[in-house]
Amino acid sequence: MRIFVVLICNLALFSVVYGAQKQENKPQPKKQPQPAHHPAQATAHPAGGTGAKKMTTAPSGGQKLKTRQTSTAAYHGQQGKKSQTSTATYHGQKAKAAQTSNATYQAQKAKKNQTQAERQAAKVSNAAQVKGAGKPNQANAANGKFAHGKPFKQQHFNLPKQPNTAKAPPVKFQQGRHIAGSQNWQGRQYTVFRNYKSEWHDRNWWRGHYGNNLTFVFGAPYYWNAGYWFPAWGYTPNAYYAWDGPIYAHNRLPPDQVIANVQSALQQQGYYRGEVDGSIGPLTRGAIADYQRDHGLYTTSTIDQPTLQSLGMS
C-alpha cells in the first residue's frame, strides 16, 4: 500500500513538471522592445491547465547591453568629434596669433633698425659738416699754418650791463699764475699764452703804463697789448673776471663784443647752446675747446688768433 501511494505521488509530480515544460516550449507572440527608460511591465498569462501564472519581464540583459554600448559609442564619438574640432580651432587661432605677433615684431624691429641707421647716418653727416675736409692739425698750428674759415660778419650785440655770475662765476686772483698746458703750445701765435702771468697793480700803475689802452667790461678794466686784452688786476680791487688770461681781439673790439661774436659763431655751428651774453664762462670755454679739438687746434679753451682765423673772424 505504501509503495502504491509513493508511485501515485511521483506520477502526479511528473505530470506537473511535464505540463510546465510544454507550456514553456509553446511559441509566444513576439514582443516589441521597450525603451530603456520605461519601467518593465508585468503581464500574467495562464500557464496551461496548471493554473500557474508567468510574469513577463523587461528586455533581456543582452538587449540592454547592446543599447548601452550603442549610446556609449555615440556619446564618445560626439565627444571625440567635439574635442577634435575644439583642438583644431585652438591650434588654428594660436598659429594665426603667433604669425600676427611675429609679423608685428619683425615690422617693429625693421622700423627700429631703420631709425637707428638714419640717426647714425645723420650723426655722421653732421660730424662731417662740423669738422669739414682737410682740417688743420696741431703740427700746422705749431708751424703757424691755419685754415681760414668762411668769413663771418661781425656785429655789435646789445649785452646786459651786469654779468650772470650763476653761469659765469668770477675767478680768483693768483699772483704769478701761468696758464696750465701753455708750455706745450708751440708757435709764435701762442707766445702770449706761454709768457702770461697774473699781475696785481694799483690804478696809478695801470694808467701810467697803458693809459688810453684801457677799457671796461662789466665794470672790470682790461688793458690792450699785442692784439690781446688782459685783465688789469688791482685797478679795481673787486673787479669781476670770468677768465684770467689773454683774449684775442681783431680790430680792437672790446672783450665782451669779441666773446659775443664767438658765441654767436659757435652757436650757428652747434657747439654753443647758451646765451649770447659776452661773458667767457665755463659753458663758453667748453664750446671753444670742443671746436678747437675738432679742428686740430691747440685746446686753449679761450679766444686765440688761430681760433678766430678758423671761424673766419680774422
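The following exchange between a visitor and a guide concerns a predicted model of one protein.

Visitor: What is the mean pLDDT of the protein, and where does pLDDT stay under 50?
Guide: As the model is predicted, confidence is worth taking up at the start. In the protein, 54% of the residues reach a pLDDT of 70 or more. Values stay under 50 over residues 35-59, for which the model has 24 contacts beyond four places in sequence, and again over residues 121-136, for which it has 13 such contacts. The mean pLDDT of the protein is 74, and the stretches under 50 include 35-59 and 121-136.

Visitor: In what pattern do the helices and strands follow one another along the sequence?
Guide: The protein has eight helices and six strands. Read along the sequence, these elements give the pattern α-β-β-α-α-α-α-β-β-β-β-α-α-α.

Visitor: Which element gives the most to the largest nonpolar core?
Guide: The largest nonpolar core holds 46 residues, of which Val262, Leu266 and Ile303 touch the most other members. At least two residues each come from helix 4, strand 3 (214-217), strand 4 (220-225), strand 5, strand 6, helix 6 and helix 7. With five residues, the element that gives the most to this core is helix 6.

Visitor: Which residues does Leu266 touch, leaving aside those up to four places away in sequence?
Guide: Leu266 is one of the three residues that touch the most other members of the largest nonpolar core. Not counting residues up to four places away in sequence, the contacts of Leu266 are with Tyr271, Tyr272, Ala287, Ile288, Tyr291 and Leu311.

Visitor: Is Ser279 buried or exposed?
Guide: Ser279 lies in the loop between helix 6 (255-268) and helix 7 (282-294). Beyond four places in sequence, Ser279 touches Ala168, Phe218, Tyr240, Ala242, Ile259, Gln263 and Thr284. Because its relative accessible area is 6%, and the cut-off for burial is under 20%, Ser279 is buried.

Visitor: Is Asn238 buried or exposed?
Guide: Asn238 lies in the loop between strand 5 (228-231) and strand 6 (247-248). From C-alpha to C-alpha, Asn238 and Gly219 are 9.4 Å apart in space, with their positions 19 residues apart in sequence as a separation. Because the relative accessible area of Asn238 is 75%, and the cut-off is over 50%, Asn238 is exposed.

Visitor: How many salt bridges does a search of the whole structure find, and which of them links distant parts of the chain?
Guide: The search finds two salt bridges. In one of them, the side chains of Arg177 and Asp244 meet at 3.2 Å, N to O. Arg177 is in the loop between helix 3 (138-142) and helix 4 (191-195), whereas Asp244 is in the loop between strand 5 and strand 6, 67 residues apart. Of the two salt bridges, the pair linking distant parts of the chain is Arg177 and Asp244.

Visitor: Which counts as buried and which as partly exposed, Arg177 or Asp244?
Guide: At 22% relative accessibility, Arg177 falls between the cut-offs of 20% and 50% and so counts as partly exposed. At 3%, the residue that counts as buried is Asp244.

Visitor: Why are Asp290 and Arg293 separated by about one helical turn?
Guide: The side chains of Asp290 and Arg293 meet in a salt bridge at 2.4 Å, N to O. Asp290 counts as partly exposed at 33% relative accessibility, and Arg293 likewise counts as partly exposed at 48%. The separation is about one helical turn because the two residues, both in helix 7, are three residues apart.

Visitor: Is the pair of Trp205 and Trp206 stacked or edge-to-face?
Guide: A search of the whole structure finds 21 aromatic pairs. The rings of Trp205 and Trp206 have their centres 4.9 Å apart and their planes at 90°, and because planes over 60 degrees apart meet the cut-off, the pair is edge-to-face.

Visitor: Which of Trp205 and Trp206 is buried?
Guide: Both residues belong to one aromatic cluster, whose members include Trp185, Tyr190 and Phe193. Trp205, at 27% relative accessibility, counts as partly exposed. With a relative accessible area of 2%, the buried residue is Trp206.

Definitions and conventions
Residues are numbered from 1 along each chain as its sequence is written. This is a predicted model: local features need pLDDT of at least 70, side-chain atom pairs count only at pLDDT 80 or more; totals for chains, interfaces and linings use all residues. Side-chain values use heavy atoms; hydrogens and water are left out. Helices (H or I, at least four residues) and strands (E, at least two) are DSSP runs, numbered from the N terminus. Buried means under 20% relative accessible area, exposed over 50%, partly exposed in between (1.4 Å probe, protein chains only). Contact means heavy atoms within 4.5 Å. pLDDT is the predictor's confidence in each residue, from 0 to 100. Rings of Phe, Tyr and Trp (its six-membered ring) pair if their centres lie within 6.5 Å; planes under 30 degrees apart count as stacked, over 60 as edge-to-face and the rest as tilted. A salt bridge is a side-chain nitrogen of Lys or Arg within 4 Å of a carboxyl oxygen of Asp or Glu. A nonpolar core is a set of buried Ala, Val, Leu, Ile, Met, Phe, Trp, Tyr and Cys residues joined through side-chain atoms within 4.5 Å.
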